[in-house]
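Q: I'm new to this structure and would like a close look at one part of it. Could you pick a spot, tell me how it sits there, and then show me how the rest of the chain is laid out?

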Amino acid sequence: MLDYKESGVDIEEGYRSVEKIKAHAARTLNSLVLNSIGSFAGMMEIPKGYENPVLITGTDGVGTKLKIAFALGRYDTFGIDAVAMCVNDILCHGAFPLFFLDYIACGKLDAKVASDIVFGVSEGCLQGGLALIGGETAEMPGFYEEGEYDIAGFAVGVQEKSKIIDGSKIIEGDVLIGLRSSGFHSNGFSLLRKIFTDLSEPFAGGTIGEYLLTPTRIYKDIVMKSMERFDIKGMAHITGGGPIENIPRIFSGKTLDAVFLKDSYELPAAYSLLKSKGYEPDTLYNTFNMGIGYVFCVAEDDKAAFLEMLRSEGEDPVELGYVRKGEGALCIE
């Protein structure tokens, strides 16, 4: 009779994986966490000082960017992407990040690879100010190819109900300020993998494969500082759908348009390369972040001081455009 290992699931390798993972998770824990990895559930206190706390949550994965990692044999960076895609979303509503949980699935578990993946997750949690308080690893032979992994997760944050940022204060004449991305982040890779078929092609002092694997930037620190010093009316994380889909999401159903001035900044080389290959603006701006990973909406009167603050924090902000009456769309001009 077959045992579980002969059917493709190695319980002992799973135990080894958990032991390696615990050390990575321990780096992220803080005084609000009430237990450790290995319990049936993670527990965390809500920080004191909130009168009417609201939990804000977001979930996401990494998508086909994983194929680049597998091709390059790199497993220690895309965990950052998994965290970034979640925490950047909840930041848009002013959430103070609390904790993260991950889910990793594979065909055959390798404890070293799983450890590398969770190392990346813990790096993302440290950048995003989250405690990694739990997760799940699923070994599913016959469902995933050996050597391939999938990862997803979710982030939870908290904010005072009266301080939630929902776009309700945005008016005509407000301005849009963009922060640079660290590359393509984690979107559009089903297309990028068909465009860049030779990952060893030289690019930006390395290879195109290395550039494509650059982890998604996490904007937590600059978002927290911005909310402390300014009245931020809306924020957008530029993910799947690019600026065209994501910037109008800040309007909360209002009859306003976002005017995006495409000549307000110079496209990074990777995006100019796509443009040179003949891709139309509608495709580019509705698929990729176009070098802008995060967008703030602030009052015109705050613009100069806000830009000065961002620069003093080491940012290279872009005045992307402004808000006008409309139908809830992005108008590229």
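A: Let's start with Ser181. This serine is buried, because its relative accessible area is 18% and the cut-off for buried is under 20%. Bear in mind as we go that the model is predicted. Ser181 sits in the loop between strand E5, which covers residues 175-180, and helix H5. So what does Ser181 touch, once you leave aside its neighbours within four places in sequence? The contacts are Tyr219, Tyr271, Asn289, Gly291, Ile292 and Gly293. For a sense of distance, take Ser36: along the sequence Ser181 and Ser36 are 145 residues apart, and in space their C-alpha atoms are 34 Å apart.

Ser181 also falls within a span that has a record of its own. In an unreviewed entry, UniProt lists residues 172-327 as "domain: PurM-like C-terminal". That span is 32% helix and 22% strand, and its end C-alpha atoms lie 12 Å apart.

Staying in that span, have a look at Lys303, which is found in helix H11. Lys303 is buried too, because its relative accessible area is 19%, again under the 20% cut-off. Setting aside neighbours within four places in sequence, Lys303 is in contact with Val175, Ile177 and Glu319.

Helix H11 (residues 303-312) also packs with helix H7 (residues 220-229). Their axes are 11 Å apart, at an angle of about 145°, and the crossing is right-handed. On the H7 side the contact is made by Ile222, Ser226 and Arg229, while H11 brings in Phe306, Met309 and Leu310. Sorted by class, that contact has four nonpolar residues, one polar and one charged.

Now for the other recorded domain. UniProt, again in an unreviewed entry, places "domain: PurM-like N-terminal" at residues 54-158. Over this span the chain is 38% helix and 36% strand, and the end C-alpha atoms are 6 Å apart.

Helix H2 (residues 65-72) is a good place to stop here. Its buried residues are Lys65, Leu66, Ile68, Ala69 and Phe70. What covers them includes helix H3 (78-91), strand E4 (149-160), helix H5 (189-195) and helix H6 (208-212). Remember H5 from the start: the loop holding Ser181 lies between E5 and that helix. Right after H2 comes Gly73, with a positive phi near 70°.

For a contrast, try Gly38, in the loop between helix H1 (11-26) and strand E1 (53-61). Gly38 is exposed, because its relative accessible area is 69% and exposed means over 50%. Gly38 and Val18 are 20 residues apart along the chain, and their C-alpha atoms are separated by 8.1 Å.

Finally, step back to the whole protein chain, which has 11 helices and 12 strands. Along its principal axes, the C-alpha trace spans about 70 × 55 × 35 Å. The radius of gyration is 21 Å, which agrees with the value near 20 Å that a compact globule of 333 residues would have. Buried residues make up 50% of the 333. And if you take the contacts with a separation of 6 or more, 86% of them are between residues 24 or more positions apart.

Definitions and conventions: Residues are numbered from 1 along each chain as its sequence is written. This is a predicted model: local features need pLDDT of at least 70, side-chain atom pairs count only at pLDDT 80 or more; totals for chains, interfaces and linings use all residues. Side-chain values use heavy atoms; hydrogens and water are left out. Axes are lines fitted to C-alpha atoms, for helices over the stretch in contact, and angles run from 0 to 180 degrees between N-to-C directions. Helices (H or I, at least four residues) and strands (E, at least two) are DSSP runs, numbered from the N terminus. A crossing is left-handed if the near helix is turned anticlockwise from the far one by less than a right angle, and right-handed if clockwise. Contact means heavy atoms within 4.5 Å. Ala, Val, Leu, Ile, Met, Phe, Trp, Tyr, Cys and Pro count as nonpolar, Asp, Glu, Lys and Arg as charged, and the others, Gly among them, as polar. Buried means under 20% relative accessible area, exposed over 50%, partly exposed in between (1.4 Å probe, protein chains only). UniProt positions are given in the numbering used here, feature names are shortened, and annotations may be inferred rather than shown by experiment. The radius of gyration is taken over C-alpha atoms; the globule rule is 2.2 Å times the number of residues to the power 0.38.
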